[in-house]
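Before the terms used for this model are taken on trust, it helps to ask what each one rests on. The questions below do that, one term after another.

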Amino acid sequence: MPLSAEELIAILQNRWGVSYHLQFHRRAGRLYFQVMWGYLEQQSFPLDANEYQLNIEQVAEQLNGLGLAEQVREWLLNTRDKPRLGKALSFPLADQGRMSEFLL
């Protein structure tokens with residue numbers, strides 16, 4: 001089942017009480033999905049609500065396009081960790097044959 005931006009935000013808020021920033025990160029030829037320590041409700045957060053929503057929509061679209069929505073959903077719902085200042089949560093994404101599009 002595809003992930004929506006609304007579902008991603010709801011998972012973040014239900015798990016940790018805030019809307020954490022989500023991003024992809026490439027390291028050593030691998031692609032990771034990251035939950036960053038910065039969040040929308042933080043006064044110093046660099047995005048406004050509209051920019052944040054657009055970013056989460058883009059992340060959801062990319063996860064769905066890679067066929068990784070269910071893996072990420074399960075990880076977000078079950079991880080025992082929590083982002084802390086200076087430490088993002090990183091989930092290594094399994095190569096579904098399309099990672100090379102992201103690793104250029």
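Q: What makes Asn50, Leu54 and Glu61 of helix 2 exposed rather than buried?
A: A residue is called exposed when its relative accessible area is over 50%, buried when it is under 20%, and partly exposed in between, with a 1.4 Å probe and protein chains only; Asn50, Leu54 and Glu61 are in the exposed class. This is a predicted model, in which local features need pLDDT of at least 70 and side-chain atom pairs count only at pLDDT 80 or more, while totals for chains, interfaces and linings use all residues. Residues are numbered from 1 along each chain as its sequence is written, and side-chain values use heavy atoms, with hydrogens and water left out.

Q: Which residues of helix 2 are buried, and how do you know that they are on the same side?
A: The buried residues are Tyr52, Asn55, Ile56, Val59, Ala60, Leu63 and Leu66. Because they cover an arc of only 135° around the axis, they are on the same side of helix 2, the arc being that of the directions from the helix axis to the C-beta atoms. What covers them includes helix 1 (5–16), strand 1 (20–27), strand 2 (30–39) and helix 3 (69–78).

Q: Why is Gln34 called buried?
A: Gln34 has a relative accessible area of 8%, and it is therefore classed as buried. Gln34 lies in strand 2, a strand that is mostly covered, with seven of its ten residues buried.

Q: What makes the approach of the side chains of Gln34 and Ser90 a polar contact?
A: The term asks for a pair of N or O atoms within 3.5 Å, where within protein one must be able to donate a hydrogen and the other to accept it, and where residues adjacent in sequence count only if both atoms are side-chain atoms. The side chains of Gln34 and Ser90 are joined at 2.8 Å, and Gln34 also stands opposite Ser90 in strand 3.

Q: How do you know that strand 2 pairs with strand 3, and what joins strand 1 to strand 2?
A: Two strands pair if DSSP finds at least two bridges between them. Strand 2 and strand 3 (residues 89–92) have four bridges and pair in the antiparallel sense, while strand 1 and strand 2, which also run antiparallel, are joined by seven bridges. Gln34 of strand 2 is the bridge partner of Gln23.

Methods: Helix = DSSP H or I, 4+ residues; strand = E, 2+ residues; numbered from the N terminus. Contact = heavy atoms within 4.5 Å.
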